[in-house]
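Open your viewer and set the display to cartoon with side chains available. We will go from the overall fold to its interior, and then to the hollows.

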Amino acid sequence: MALLKGKGAMTGVNLIAKVYKTGATKDGKSQYADVQLDARDPRGPEQTNLHLKSDRVTGEDGKVRYNNGAAYSTGQMEEIIKAAGPNTEPILNKDGNEVGTVYGFKGNVMPATRGTGLVVNTKSVKASEFKVDDKTLDNQFASMRAARQARAAAKESQAQAPTPEAEQEQAAEVDEPAVG
């Protein structure tokens, strides 16, 4: 889940929403959307998980998956779609059929009142600073992968670096005068 800390970190955030055609509820009152922090937003590059919501779920087959969808009312989805305007890109399955849409927009986020994660305050949405295209989702995954690799490399170098106590012991051994 995206971590937005500090004053103003949750305002004016460039976002993308992955909305699948199958994500509408049976009663038609809600739509599930996977809203993510846009990797090109200044808060994005160091994020190992750009999803606003990410719940770990164990399936019936015992495999662990992540549920990144949050329910938005039909009215809230209309606000997001209106804010995105022409800044959309179709989501295609492996056969090339359209299964959903990616919307690029900007808005304020807040902690979810029900469930976990963050949700978009749809009263604050407007056009994004970034254009979504057929590479946007690939760039999202690449950004998260790069952040995970950078974090792993930082942990690795931290583990290999001598501790301050070890450095002091080495310095103490060098500074002792030779007795002769």
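Among contacts with a separation of 6 or more, 59% join residues 24 or more positions apart; a contact means heavy atoms within 4.5 Å. This is a predicted model, in which local features need pLDDT of at least 70 and side-chain atom pairs count only at pLDDT 80 or more, while totals for chains, interfaces and linings use all residues. Residues are numbered from 1 along each chain as its sequence is written, and side-chain values use heavy atoms, with hydrogens and water left out.

**Stop 1: the whole chain**

Colour by secondary structure and you should find three helices and eight strands, in the order β-β-β-β-β-α-β-β-β-α-α. Helices (H or I, at least four residues) and strands (E, at least two) are DSSP runs, numbered from the N terminus. Of the 180 residues, 36% count as buried, meaning under 20% relative accessible area, with exposed being over 50% and partly exposed in between (1.4 Å probe, protein chains only).

**Stop 2: helix 1**

Select residues 74-84, which form helix 1. Which of its residues are buried? They are M77, I80, A83 and A84. Seen down the helix axis, these buried residues fall within an arc of 125 degrees, so they line one face of helix 1; the arc is that of the directions from the axis to the C-beta atoms. Turn to the other side and you meet E78 and K82, both exposed. The cover over the buried residues includes strand 1 (13-24), strand 2, strand 5, strand 7 and strand 8. Just after the helix comes G85, with a positive phi near 55 degrees.

**Stop 3: the nonpolar cores**

Next, show L15, V35, L52, Y72, F105, V109 and V120, the residues with the most contacts inside the largest nonpolar core, which has 28 residues. Such a core is a set of buried Ala, Val, Leu, Ile, Met, Phe, Trp, Tyr and Cys residues joined through side-chain atoms within 4.5 Å. Strands 1, 2, 5, 7 and 8 and helix 1 each give two or more residues to this core. Centre on V35: leaving aside residues up to four places away in sequence, V35 touches L15, I16, A17, L50, H51, L52, Y72, F105 and V120. A second, separate core of five residues includes I16, V102, V132 and L137.

**Stop 4: the largest pocket**

Now select A71, Q76, T113, R114 and V119, which lie nearest the centre of the largest pocket among its 22 lining residues. On a 1 Å grid over the protein atoms alone, a pocket is an open set of points with protein on both sides within 12 Å along at least five of seven lines, a cavity is a set where a 1.4 Å probe fits but cannot get out, and lining residues have an atom within 4 Å of a point. The volume of the largest pocket is about 430 Å³. Strand 8 gives the largest share of the lining, five residues.

**Stop 5: the second largest pocket**

Move on to a pocket of about 170 Å³. Its lining includes E89, P90, I91, L92, V102 and K135. Strand 6 gives the most, with four residues.

**Stop 6: a closed cavity**

How many cavities of 30 Å³ or more does a search of the whole structure find? The search finds one. To see its lining, select D38, A39, R40, T136, N139 and Q140.

Conventions: Points joined across faces, edges and corners; volume = space filled by probe spheres on them.
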